[in-house]
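Let's take a walk through a protein model together. Keep the picture open beside the text, and look up each residue as it comes along.

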Amino acid sequence: MSLNSSDTPTIKRRLTTMIYEGVLLFGVIAIAGLLFSTIFQQRNALYLRHALQYWLFFVVGAYFVWFWIHSGQTLPMKTWRIRVVTVDNHTLSFKHAVARYFLAWFWFLPGLAIAWALDAKAWTSVAIVCANVAAWALAAYVHPSRQFLHDRIAGTKLIQLSKIK
């Protein structure tokens with residue numbers, strides 16, 4: 001594979017990769033949750049609920065940061081031949097990877113905050129969060145190379161790798 005590719009993957013390709021990432025994260029979160037509940041003998045979902053949420057936030061962050069600083073790719077990114085690099089095409093530093101992880105939460109946090117502020121229930125809250133995700137994805141069309149907003153702020157970019165010949 002060529003690592004010197006500078007083409008930006010299509011938005012559809014990046015969103016498909018994110019869906020695949022979600023499927024894999026389901027397993028990572030299940031194992032991390034099982035480990036937490038076993039260690040702390042959690043017999044009720046409300047017992048240590050906030051500690052579990054912090055733990056899962058840390059585990060998911062460690063997952064992404066580790067892959068991004070070592071190869072620039074998670075398994076779904078390898079499958080779809082996408083790599084994250086700095087704006088000058090270098091491997092991400094720990095600082096860049098952590099910044100990208102925290103900034104990527106803005107795909108969901110504003111929508112969740114709005115749903116909470118409006119005391120939205122059931123499908124209304126889901127619709128608000130989905131509208132936030134759609135707005136965040138569409139914001140890529142404002143940038144000349146179609147990079148997502150969190151990548152631009154973090155000083156990173158996604159590149160499309162060429163096929164193996």
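Start in the loop between α5 (109-117) and α6 (122-138), where you'll find Asp119. Keep in mind that this is a predicted model. Is Asp119 buried or exposed? Its relative accessibility is 51%, and the cut-off for exposed is over 50%, so Asp119 counts as exposed. Its backbone has something to show as well: phi of Asp119 is near 55 degrees, a positive value in a residue that isn't glycine. Asp119 also forms a salt bridge with Lys121, with the closest N and O atoms 3.0 Å apart. Lys121 is exposed too, just like Asp119.

How many salt bridges does a search of the whole structure find? The search turns up two. Besides the pair you've just met, Asp151 forms one with Arg100, and here the closest N and O atoms are 2.4 Å apart. Asp151 sits in helix α7 (residues 149-154) and Arg100 in helix α4, so this pair ties together parts that are 51 residues apart in sequence. Now check how covered these two are. Asp151 has 0% relative accessibility, so it counts as buried. Arg100 is buried as well, with a relative accessible area of 7%. So one bridge joins two buried residues, while the other joins two exposed ones.

Time to zoom out. The protein has seven helices and two strands, and if you read along the sequence, they come in the pattern α-α-α-β-α-α-α-α-β. Along its principal axes, the C-alpha trace spans about 50 × 35 × 25 Å. Of the 165 residues, 36% are buried. The accessible surface comes to about 10,300 Å², and 71% of that belongs to carbon and sulfur atoms. Here's a number about how the chain folds back on itself: among contacts with a separation of 6 or more, 67% are between residues 24 or more positions apart.

Next, follow helix α2 (49-70). It has 22 residues and reaches 32 Å from its first C-alpha to its last, close to the 32 Å expected at 1.5 Å a residue. Several of its residues are buried, including Leu52, Leu56, Val60, Phe64 and Trp68. What do the buried residues of α2 pack against? Their partners are α1, α3 (75-79), β1 (82-86) and α4 (94-104). Just after α2, Gly72 takes a positive phi of about 80 degrees.

That brings us to the inside. In soluble globular proteins, nonpolar side chains tend to be buried together. In this model, the largest nonpolar core has 13 residues, and the ones with the most contacts inside it are Phe64, Trp68, Met77 and Val84. α2, β1 and α4 each supply at least two residues of this core, and the largest share, five residues, comes from α2. There is also a second, separate core of six residues, with Trp107, Trp136, Ala137 and Ala140 among them.

Pick out Met77 for a closer look. Which residues does Met77 touch, leaving aside its neighbours within four places in sequence? It is in contact with Thr17, Trp68, Gly72, Ile82, Arg83, Val84 and Leu158. You've already met Gly72, the residue with the positive phi just after α2. Thr17 is found in helix α1 and is buried, with a relative accessible area of 5%. Setting aside its own neighbours within four places, Thr17 is in contact with Pro76, Met77, Trp80 and Ile82. Met77 and Ile82 therefore turn up again, and Ile82 is on the contact lists of both Thr17 and Met77.

Finally, come back out to the surface. Leu35, Ile39, Phe40, Tyr47 and Leu48 form a nonpolar patch there, with about 470 Å² of accessible area together. Phe40 lies in the loop between α1 (11-39) and α2, and Leu48 lies in that loop as well. Phe40 has 42% relative accessibility, so it counts as partly exposed. Leu48 falls in the partly exposed class too, because its relative accessibility is 31%. Leu48 also has a positive phi of about 60 degrees, although it is not a glycine.

Terms used
Residues numbered from 1 in each chain as written. Predicted model: local features only at pLDDT ≥ 70, side-chain atom pairs only at ≥ 80, totals over all residues. Heavy atoms only, no water. Patch = residues over 30% accessible without salt bridge, like charges linked within 9 Å, V, L, I, M, F, W, Y side chains within 5 Å. Areas by Shrake-Rupley, 256 points an atom, 1.4 Å probe, with all protein chains shown as cover. Salt bridge = Lys/Arg side-chain N within 4 Å of Asp/Glu carboxyl O. Helix = DSSP H or I, 4+ residues; strand = E, 2+ residues; numbered from the N terminus. Buried < 20%, exposed > 50% of the residue type's maximum accessible area, 1.4 Å probe, protein only. Expected span 1.5 Å × (residues − 1). Contact = heavy atoms within 4.5 Å. Core = buried A, V, L, I, M, F, W, Y, C linked by side-chain atoms within 4.5 Å.
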